[in-house]
Amino acid sequence: MNILVVEDEKVLGKALLRGLQESGHECVWSQNGAEGLQLAKQGAFDAIVLDLMLPDEHGLNILAALRDTGDATPVLILTALGSVDDRVRGLDSGADDYLTKPFAFPELLARLNALSRRAVTRPALAFSIGPLQLDLTTRRVTREGNELELSPTEFSILGFLMRHGGQVVTRKMLNEHLWGEDWGGMTNVIDVHINHLRRKIDRGYDAPLIHTVRGRGYVLREI
């Protein structure tokens with residue numbers, strides 16, 4: 001699964017990110033509600049783990065905003081608010097499950113797996129960031145309506161960057177996405193593919209979309 005975690009507690013957020021990735025899932029971690037809602041609206045996630053007591057917005061408001069758009073991505077509320085009234089309010093607001101802190105990670109994982117099995121809708125198969133669009137079904141990539149010819153590896157890298165739009169993606173993440181256990185630890189090959197992508201996606205346009213974050217990796221976003 002590709003899972004979005006919206007959690008402001010840094011220790012817990014890092015632990016969830018690491019635990020979900022080690023369990024074989026892709027995971028994006030957001031530490032505030034506004035960013036979490038923006039990511040959720042991209043429609044790229046199989047499930048969302050949502051804290052309620054966020055610094056900028058209550059989690060139920062984020063959930064309501066997401067449901068108002070018609071998005072039915074399964075949402076698991078993860079919070080310290082554990083009264084019966086709190087649980088009823090969360091479920092009545094559109095959450096699919098409710099788990100209180102402290103919790104056991106295996107239970108969280110089991111609940112997410114159950115949500116995935118019960119989900120009727122699937123995540124979006126098309127992504128867009130500004131003028132750039134990618135369709136997983138037709139394997140077409142366009143910028144401002146102009147179709148771009150990408151190699152299979154370039155397409156896979158771009159899809160990963162767009163799924164994590166606005167988030168820094170490291171070379172290690174890209175290598176593991178492409179080659180999994182066969183990755184030998186070398187990262188310079190990613191730089192070569194990124195340079196090819198830049199020539200095809202950004203050359204001839206005023207605003208570049210692929211940006212290098214020195215010492216960390218790459219991010220796909222509008223300036």
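How many of the five residues of strand β1 (residues 2–6) are buried? Five of the five are, which leaves the strand mostly covered. The model described here is predicted.

## Strand β1 and its partners

The side chains of β1 are split between two directions: N2, L4 and V6 point one way, I3 and V5 point the other way, and all are buried. On one pairing, β1 runs parallel to strand β2 (residues 26–30), and five bridges join the two. Within this pairing, N2 stands opposite E26 of β2. Between the two strands the chain passes through helix α1 (residues 10–22), and the resulting β-α-β crossover is right-handed.

Strand β1 also pairs with strand β3 (residues 47–50), again in parallel, with four bridges between them. Here I3 of β1 has A47 of β3 as its bridge partner.

## The five-stranded sheet

These strands belong to an open sheet of five, ordered β2-β1-β3-β4-β5, with parallel pairing. The edge positions are taken by β2 and β5 (97–100); each has a single partner strand, so one side of each has no neighbour in the sheet. On average, neighbouring strands of this sheet are turned by 20 degrees against each other, direction ignored.

At the β5 end, strand β4 (residues 75–79) pairs with β5 through four bridges in the parallel sense. The bridge partner of L76 in β5 is D97.

## Helices across the sheet

Two helices are described against the strands they lie across. Helix α3 (residues 59–68) lies across β3 and β4, and its direction makes an angle of about 175 degrees with β4. Helix α4 (residues 84–92) lies across β4 and β5, at about 150 degrees to β5.

## The second largest pocket

The second largest pocket holds about 250 Å³ of space. Its lining includes L17 and Q21, then C27, V28 and W29, and also residues such as H164, G166, Q167, V168, T170, M173 and R216. Two elements, α1 and β2, each give two or more residues to this lining. The most comes from β2, which gives three residues.

## Strand β8 and T142

T142 is located in strand β8 (residues 140–143). Its relative accessibility is 8%, so T142 counts as buried, the cut-off for buried being under 20%. Neighbours within four places in sequence aside, T142 is in contact with P131, L132, Q133 and E147.

## Backbone exceptions

Most peptide bonds are trans, and most residues other than glycine have a negative phi. The bond from K101 to P102 is cis, with omega near -5 degrees. P102 lies in the loop that joins β5 to α5 (105–118).

Two residues that are not glycine have a positive phi, and both are in loops that adjoin β8. R139 has a phi of about 60 degrees and is found in the loop between β7 (132–135) and β8. E144 has a phi of about 55 degrees and is found in the loop between β8 and β9 (146–148).

Are these two residues buried, partly exposed or exposed? R139 has a relative accessible area of 49% and is therefore partly exposed. E144, at 52% relative accessibility, counts as exposed, because exposed means over 50%.

Terms used: Residues numbered from 1 in each chain as written. Predicted model: local features only at pLDDT ≥ 70, side-chain atom pairs only at ≥ 80, totals over all residues. Heavy atoms only, no water. Buried < 20%, exposed > 50% of the residue type's maximum accessible area, 1.4 Å probe, protein only. Pairing = 2+ DSSP bridges. Right-handed = clockwise from strand over helix to strand, strands pointing away. Contact = heavy atoms within 4.5 Å. Axes fitted to C-alpha atoms, helices over the stretch in contact; angles between N-to-C directions. 1 Å grid on protein atoms, 1.4 Å probe; cavity = no way out; pocket = protein on both sides within 12 Å on 5 of 7 lines; lining within 4 Å. Points joined across faces, edges and corners; volume = space filled by probe spheres on them.
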